[in-house]
Amino acid sequence: MPLIRVSLRKGKPSAYRKALADGIYLALRETFNVPEDDLFVTITEHEEDNFFYGANYLGIERSDDLVIVQITVSNTRTVDQKKALFQRITERLGTEPGLRPEDVFINLIEVEKENWSFGHGIAQYAQGN
Amino acid sequence: MPLIRVSLRKGKPSAYRKALADGIYLALRETFNVPEDDLFVTITEHEEDNFFYGANYLGIERSDDLVIVQITVSNTRTVDQKKALFQRITERLGTEPGLRPEDVFINLIEVEKENWSFGHGIAQYAQGN
Amino acid sequence: MPLIRVSLRKGKPSAYRKALADGIYLALRETFNVPEDDLFVTITEHEEDNFFYGANYLGIERSDDLVIVQITVSNTRTVDQKKALFQRITERLGTEPGLRPEDVFINLIEVEKENWSFGHGIAQYAQGN
């Protein structure tokens with residue numbers, strides 16, 4: 001059920017952006033028990049003047065390759081699972097498309113299980129459904 | 001107060017996209033007691049390589065017409081209201097602009113009532129305001 | 001740690017949009033104890049037919065200059081801090097780039113402290129990190 005929003009600077013090729021979507025999805029499958037084909041990703045490319053970041057916040061040296069990943073998920077995961085997810089996304093995006101670990105920013109938004117409809121107007125994850 | 005984010009593939013005419021905004025707004029009015037004129041919608045159109053979806057997740061056969069609707073609302077509704085909202089959005093978008101029920105994806109983000117300012121820098125829904 | 005999403009109509013110059021990012025960031029520093037350089041902002045510009053708003057909701061007369069600000073933050077602030085943030089953002093954007101207070105719409109999404117990774121795949125704000 002995760003809804004994945006990826007934001008980055010304009011200019012990366014299509015295969016690079018697909019690798020972002022694939023890597024995040026696979027990391028979710030590995031650490032958050034996300035089922036196969038449960039893949040919903042939007043990518044938004046920003047011009048330089050619409051994308052701002054702290055280049056050294058927390059002593060992490062970011063570059064214009066920074067990727068901001070915001071994932072909406074149900075509120076059913078432990079802190080350890082979240083830590084594992086962050087690590088796995090960063091590893092996978094490091095391998096493909098080759099992001100520096102400094103350039104992976106991740107945020108999770110958690111919602112109730114009944115807050116999703118995947119089609120047909122039904123709350124598929126609500127209790128009793 | 002809902003803030004509605006609509007994401008879809010590029011290529012639909014203006015009237016089609018307006019029908020999405022209108023249908024979601026009217027469904028919110030019917031099921032979530034949203035007042036008249038409480039309408040805030042952004043639509044983002046994505047190229048094919050910036051929009052990924054599971055084409056068969058939960059056995060629901062989605063198409064490139066998939067519309068992802070993410071709505072931020074106050075955390076004051078019941079599960080039954082959420083179910084009614086999902087059903088009503090899907091019905092309305094089925095009528096106009098004519099979306100298949102398989103192509104309506106909805107997610108709710110819930111926030112505290114004091115998390116909104118509709119203008120003038122005031123938290124209009126906070127207790128005591 | 002705030003992640004700031006700004007949405008507005010297309011057509012404003014680069015300096016205008018930078019002033020939005022700067023003003024929101026500075027207001028967060030003043031009212032939410034946000035550290036220096038903790039600045040992550042995406043701006044999305046919308047065509048007229050992808051940006052809808054209630055022009056008079058709550059009796060506030062909005063114009064096409066409306067700016068929708070959605071900020072994801074950790075759930076550690078009081079109601080008074082939120083009120084102060086709204087007021088300060090609106091004041092700052094009134095000064096620069098010169099927004100009418102009617103045209104500042106703000107929403108906060110709150111998340112757990114462990115829901116952030118600012119790089120290196122680590123949950124920097126989780127307990128024990």
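Student: In this predicted model, where does Asp37(C) lie?
Tutor: Two elements of chain C bracket this residue, namely helix H1 (14-32) and strand E2 (40-46). Asp37(C) belongs to neither of them, for its place is in the loop between H1 and E2 of chain C.

Student: Is Asp37(C) buried, exposed or partly exposed?
Tutor: The backbone of Asp37(C) has a positive phi of about 70 degrees, although the residue is not a glycine. Most residues other than glycine have a negative phi. As for its surroundings, a residue is buried with 20 or more other C-beta atoms within 10 Å and exposed with 12 or fewer. Because Asp37(C) has 14 C-beta neighbours inside 10 Å, it counts as partly exposed.

Student: What phi does His120(C) have, and where does the residue lie?
Tutor: With 16 C-beta neighbours inside 10 Å, His120(C) counts as partly exposed. His120(C) lies in the segment after strand E6 (116-117) of chain C. Although it is not a glycine, its phi is positive, at about 65 degrees.

Student: Which residues of chain C does a cis peptide bond join?
Tutor: The proline concerned lies in the loop between helix H2 (79-95) and E5 of chain C. Omega of the bond is about 10 degrees, and the residues joined are Glu96(C) and Pro97(C).

Student: Where is the place of Pro97(A) in chain A?
Tutor: The peptide bond that leads from Glu96(A) to Pro97(A) is cis, with omega near 10 degrees. Most peptide bonds, by contrast, are trans. The place of Pro97(A) is in the loop between helix H2 (79-95) and strand E5 (104-111) of chain A.

Student: Which element gives the most to the side of chain B that touches chain C?
Tutor: Between these chains, 29 residues of chain B are in contact with 33 residues of chain C. On the chain B side, two or more residues come from each of helix H1 (14-31), strand E2 (40-46), strand E5 (104-111) and strand E6 (116-117). With six residues, the element that gives the most is E2(B).

Student: How many residues of each class does the side of chain B that touches chain C have?
Tutor: The residues on this side fall into nonpolar, polar and charged classes. The respective counts are 13 nonpolar, ten polar and six charged residues.

Student: Which residue of E5(C) does Trp116(B) stand opposite?
Tutor: Strand E6(B) pairs with strand E5 (residues 104-111) of chain C in the antiparallel sense, over two bridges. Within E5(C), the residue that Trp116(B) stands opposite is Asn107(C).

Definitions and conventions. Residues are numbered from 1 along each chain as its sequence is written. Chains are lettered from A and ligands numbered from 1 in the order in which they are written. This is a predicted model: local features need pLDDT of at least 70, side-chain atom pairs count only at pLDDT 80 or more; totals for chains, interfaces and linings use all residues. Two residues are in contact if their C-beta atoms, placed from the backbone, lie within 7 Å. Helices (H or I, at least four residues) and strands (E, at least two) are DSSP runs, numbered from the N terminus. Ala, Val, Leu, Ile, Met, Phe, Trp, Tyr, Cys and Pro count as nonpolar, Asp, Glu, Lys and Arg as charged, and the others, Gly among them, as polar. Two strands pair if DSSP finds at least two bridges between them.
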